[in-house]
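Hi everyone, and thanks for making the time. I'd like to walk you through a structure that is probably new to most of you, so please have a look at it on the screen first.

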Amino acid sequence: MTGGELRPDEHYDGERFADVVFDETAAGNCLFLDCSFVNVSFREGRLRKCRFTDTTMREVRIVATDLAETAWQDVTLTGCALAGVQAHSADWRRVVFLEGKLDSVNFRGGTFADVRFENCLLPTSVDLRGASLGIADGLGSLAGSTIDSVQLLALAPQLAQHLGITVAD
């Protein structure tokens with residue numbers, strides 16, 4: 001499928017969305033299974049509680065859109081731009097952000113498991129407070145983000161090792 005309209009509570013299986021603009025779309029609680037989005041734009045939409053599984057996004061722009069409480073599993077976002085996005089309390093599992101731009105994205109309270117940000121630009125703060133962070137390496141990827149004191153304490157051993165600091169009592 002190329003184009004079309006998104007409706008709330010729908011299941012989209014194997015659909016292809018290409019060269020489509022979704023302005024002010026209200027399509028919460030949808031399931032996108034094995035879908036692809038290519039050169040698609042979401043602006044000021046409401047996609048709260050949607051699930052994206054085995055889905056790819058390439059050159060997708062998501063601006064001022066509500067993605068709160070969404071679930072993302074086995075998703076790759078390549079060359080995508082997210083700006084002013086509310087993605088708080090979202091669940092991110094096996095997600096890859098490649099060569100994208102995230103500007104003022106609120107991930108607060110989200111869960112991250114095996115999520116990678118590769119060659120991404122974070123020009124302003126990305127809010128990760130309260131999110132479950134599992135950072136295996138690449139602490140520099142947190143540059144420009146906001147975390148809370150509990151997260152900082154959990155990351156302290158990795159930060160010390162990264163900086164060559166020896167902690168001894």
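**Strands side by side**

Let's begin with one pair of residues: F22 has F42, in β6, as its bridge partner. Before I go further, please keep in mind that this is a predicted model. The strands behind that pair are β3 and β6, the latter covering residues 41–43, and they run parallel with three bridges between them.

Now, where do β3 and β6 sit in the wider picture? They belong to an open sheet of five strands, and the order across the sheet is β3-β6-β9-β11-β13, with parallel pairing. At the edges you find β3, residues 21–23, and β13, residues 101–103, each of which pairs on one side only. On average, neighbouring strands of this sheet are turned by 5 degrees against each other, if we ignore direction. As a general reminder, strands of a sheet pair through backbone hydrogen bonds, and they can do so in a parallel or an antiparallel way.

Let's move along the chain to another set of strands. Strand β10, residues 71–78, runs parallel to strand β12, residues 91–98, and seven bridges join them. Here W72 stands opposite W92 in β12. On we go from β12 to strand β14, residues 111–118: this pairing is parallel too, with seven bridges. The bridge partner of W92 in β14 is F112. If you click on W92, then, you can follow it to W72 and to F112.

**Charged partners**

How many salt bridges does the structure hold? The count is eight. My favourite place to start is R43, which forms a salt bridge with D23, with 3.3 Å between the closest N and O atoms. R43 is in strand β6 and D23 is in strand β3, so this pair ties together parts that lie 20 residues apart in sequence. We have met those two strands already: they pair in the parallel sense.

R43 has a salt bridge with E44 as well, and there the closest N and O atoms are 3.4 Å apart. Are these residues buried or exposed? R43 counts as partly exposed, at 33% relative accessibility. D23 is also partly exposed, at 38%, and E44 is partly exposed at 37%.

Over in the other set of strands, D91 and R93 form a salt bridge with their closest N and O atoms 3.0 Å apart. D91 has a relative accessible area of 24%, so it is partly exposed. R93 is partly exposed too, with 32%. And there is a network to look for: R48, K49, D66 and E69 are linked by salt bridges.

**A closer look at L33**

Next, please find L33, in strand β4, which spans residues 31–33. Its relative accessibility is 28%, which makes it partly exposed. Which residues does L33 touch, leaving out those up to four places away in sequence? The contacts are Y12, D13, G14, T53, D54 and T55. Take D54 from that list: it is 21 residues from L33 along the chain, and yet their C-alpha atoms are separated by 6.0 Å.

**Two backbone angles worth a glance**

A quick general point first: most residues other than glycine have a negative phi. With that in mind, look at E59, where phi is near 55 degrees, a positive value in a residue that is not glycine. E59 sits in the loop between β8, residues 56–58, and β9, residues 61–63. It is partly exposed, at 45% relative accessibility.

R94 is another case, with a positive phi of about 55 degrees although it is not a glycine. R94, however, lies in strand β12. With a relative accessible area of 40%, R94 is partly exposed.

**A patch on the surface**

Let me finish with a nonpolar patch on the surface. Which residues form it? They are L163, I165 and V167, and together they have about 330 Å² of accessible area. V167 belongs to the segment after α1, the helix at 149–163. Its relative accessible area is 67%, and a residue counts as exposed when that value is over 50%, so V167 is exposed.

That's my tour, and thank you for listening. I'm happy to go back to any of these spots on the screen.

Conventions. Residues are numbered from 1 along each chain as its sequence is written. This is a predicted model: local features need pLDDT of at least 70, side-chain atom pairs count only at pLDDT 80 or more; totals for chains, interfaces and linings use all residues. Side-chain values use heavy atoms; hydrogens and water are left out. Patches are made of residues with over 30% relative accessible area and no salt bridge: like charges are joined within 9 Å, nonpolar side chains (Val, Leu, Ile, Met, Phe, Trp, Tyr) within 5 Å. Accessible areas come from the Shrake-Rupley method with a 1.4 Å probe; for residues, only the protein chains shown count as cover. A salt bridge is a side-chain nitrogen of Lys or Arg within 4 Å of a carboxyl oxygen of Asp or Glu. Helices (H or I, at least four residues) and strands (E, at least two) are DSSP runs, numbered from the N terminus. Buried means under 20% relative accessible area, exposed over 50%, partly exposed in between (1.4 Å probe, protein chains only). Two strands pair if DSSP finds at least two bridges between them. Axes are lines fitted to C-alpha atoms, for helices over the stretch in contact, and angles run from 0 to 180 degrees between N-to-C directions. Contact means heavy atoms within 4.5 Å.
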